[in-house]
Amino acid sequence: MSAQLRPQETTQARLVLLGTGTVGSAFVSRYQALQQRQLSLPALHVVANSRIALACGDAPDAVLSQARNAQRGEGEPVHRQEVGRLVAGDIVVDATASEAVAADHAQWLAQGIHVVTANKLGNGTALVRARDIRAAADRGAAQYGDAATVGAGLPLLRSIRALVAGGDHVHAIEGVLSGSLAWLFDRYDGSQPFSACVREAAAAGYTEPDPRIDLSGEDVRRKLLILARAAGVPLEAEQVQVDSLVPSALAALPAAQVDGALELLDAPLAERLQQARAQGLKLCVVGRVDAQGAHVGLRALPADHPLAGGRGTDNRVAIHSDRYCAQPLLIQGPGAGAEVTAAALLDDVLGIVRR
């Protein structure tokens, strides 16, 4: 191993946080709480977003506020400038949803810099990018912590990878993979329009600022790709059929006009709810991959279906394999929220430090 790629000692490793939104803020809060519990953590060196990078020092809360209020700068993207100053053994925490940041994951790993991420655009888009990330992590001393990309840190990826490593064959994975959509269809009972539920979910922070991102099924597609690839299925994004809940008229609007047009959702969803109730079924948005293909869409499930029992923002995932053939392995827990996502990021950071 060359001198410049020799990992630093744990006590010298530096931590760079990319992203100062809700997840980044929750990460800093949990980082401080773990410090108070005397856990051994790398120094939080820099906090950065797309506009500015700031040395963290002893006042991370003030730094977060300053970064959120910063004006956009010029020149090379801030994250590249800052990560360019790191060396092997340092850790980048990607709490963004940035395509530009995800595109650099493999390069950082190849340089010996660990990457911990909640950003699904690394392993959840083009298969070639996911393979580059895996190859870079396998070649060098750097690790890729991606537990926060699916299920907000539920032991999904860890369980699937452990089954495969143990010689099990995974036949199918199906799940309620979106905390926001789980909450919406748990809440939606016909007593108010679906659009009112969407506005309530947005106000609570469960959906993206533009709820079409959630309702389109794209988020579920990315999570399904990540799970499938962990199981050894080389699935391309275009191989996943996605049935969007967004009518074409709503999809065509600029973001500023979306809230005023959410009522376009109401009639189609009311009809789906009525049909499901007439058969004693529950509506859930489900992603499934098996030997026949991969699909994301709204399904009407019987009450005793493994995926029908979740509440609130619960993710609920069933893994069918040789080992779990008569009854699937079922993993359930909160699948949305900045706090649980931040906890998953810190878990991966601590795992890197301890290894």
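These legends go with a set of close-up views of one predicted protein model.

**Before you zoom in.** Residues are numbered from 1 along each chain as its sequence is written, and side-chain values use heavy atoms, with hydrogens and water left out. Because this is a predicted model, local features need pLDDT of at least 70 and side-chain atom pairs count only at pLDDT 80 or more, while totals for chains, interfaces and linings use all residues.

**Figure 1. The whole protein, as a map for the views that follow.** The protein has 14 helices and 12 strands; helices (H or I, at least four residues) and strands (E, at least two) are DSSP runs, numbered from the N terminus. Its radius of gyration is 21 Å, which agrees with the value near 20 Å for a compact globule of 355 residues. That radius is taken over C-alpha atoms, and the globule rule is 2.2 Å times the number of residues to the power 0.38. Along the principal axes, the C-alpha atoms fill a box of roughly 65 × 50 × 40 Å. Of the 355 residues, 52% are buried, where buried means under 20% relative accessible area, exposed over 50%, and partly exposed in between (1.4 Å probe, protein chains only). Contact means heavy atoms within 4.5 Å; among contacts between residues at least 6 apart in sequence, 65% join residues at least 24 apart.

**Figure 2. The N-terminal stretch, and how far to trust it.** The mean pLDDT of the protein is 91, and 95% of its residues reach 70 or more; pLDDT is the predictor's confidence in each residue, from 0 to 100. Over residues 1–11, however, pLDDT stays under 50. The model has 17 contacts beyond four places in sequence for residues 1–11. Where pLDDT is low, the predicted coordinates should not be read in detail.

**Figure 3. Lys223, a buried lysine in helix H11.** Lys223 belongs to H11, which covers residues 218–230. With a relative accessibility of 6%, Lys223 counts as buried. Setting aside residues up to four places away in sequence, the residues that Lys223 touches are Lys120, Thr149, Val150, Leu177 and Ser178.

**Figure 4. Helix H8, mostly covered.** H8 spans residues 179–187, and 7 of its 9 residues are buried. Among them are Trp183, Leu184 and Phe185, together with Gly179 and Ser180.

**Figure 5. Ala318 in strand E11.** Strand E11 runs over residues 314–321 and holds Ala318. The relative accessible area of Ala318 is 0%, so Ala318 is buried. Beyond four places in sequence, Ala318 touches Ala172, Ile173 and Glu174, as well as Pro306, Leu307, Pro328, Leu329 and Leu330. For a sense of distance, Ala237 is 81 residues away along the chain, and its C-alpha is separated from that of Ala318 by 21 Å.

**Figure 6. Ala106 in helix H5.** Here we look at H5 (residues 105–110), the helix that contains Ala106. Ala106 has 18% relative accessibility and therefore counts as buried. Apart from neighbours within four places in sequence, Ala106 is in contact with Asp132, Ile133 and Ala136. Leu127 is 21 residues from Ala106 in sequence, and their C-alpha atoms are 13 Å apart in space.

**Figure 7. Ala261, a buried loop residue.** Helix H12 (248–251) and helix H13 (266–278) are joined by the loop in which Ala261 lies. At a relative accessible area of 13%, Ala261 is buried. Leu250 and Leu253 are in contact with Ala261, leaving aside neighbours within four places in sequence. Ser195 is 66 residues from Ala261 in sequence, yet the two C-alpha atoms are 8.8 Å apart.

**Figure 8. Gln38 and Ala152, two loop residues with positive phi.** Most residues other than glycine have a negative phi. Gln38, although not a glycine, has a positive phi of about 65°. Gln38 sits in the loop between helix H1 (22–36) and strand E2 (43–48), and with a relative accessible area of 67% Gln38 is exposed. Ala152 is not a glycine either, and its phi is positive at about 50°. The loop that holds Ala152 lies between strand E6 (144–145) and helix H7 (156–165). Ala152 has 11% relative accessibility and counts as buried.
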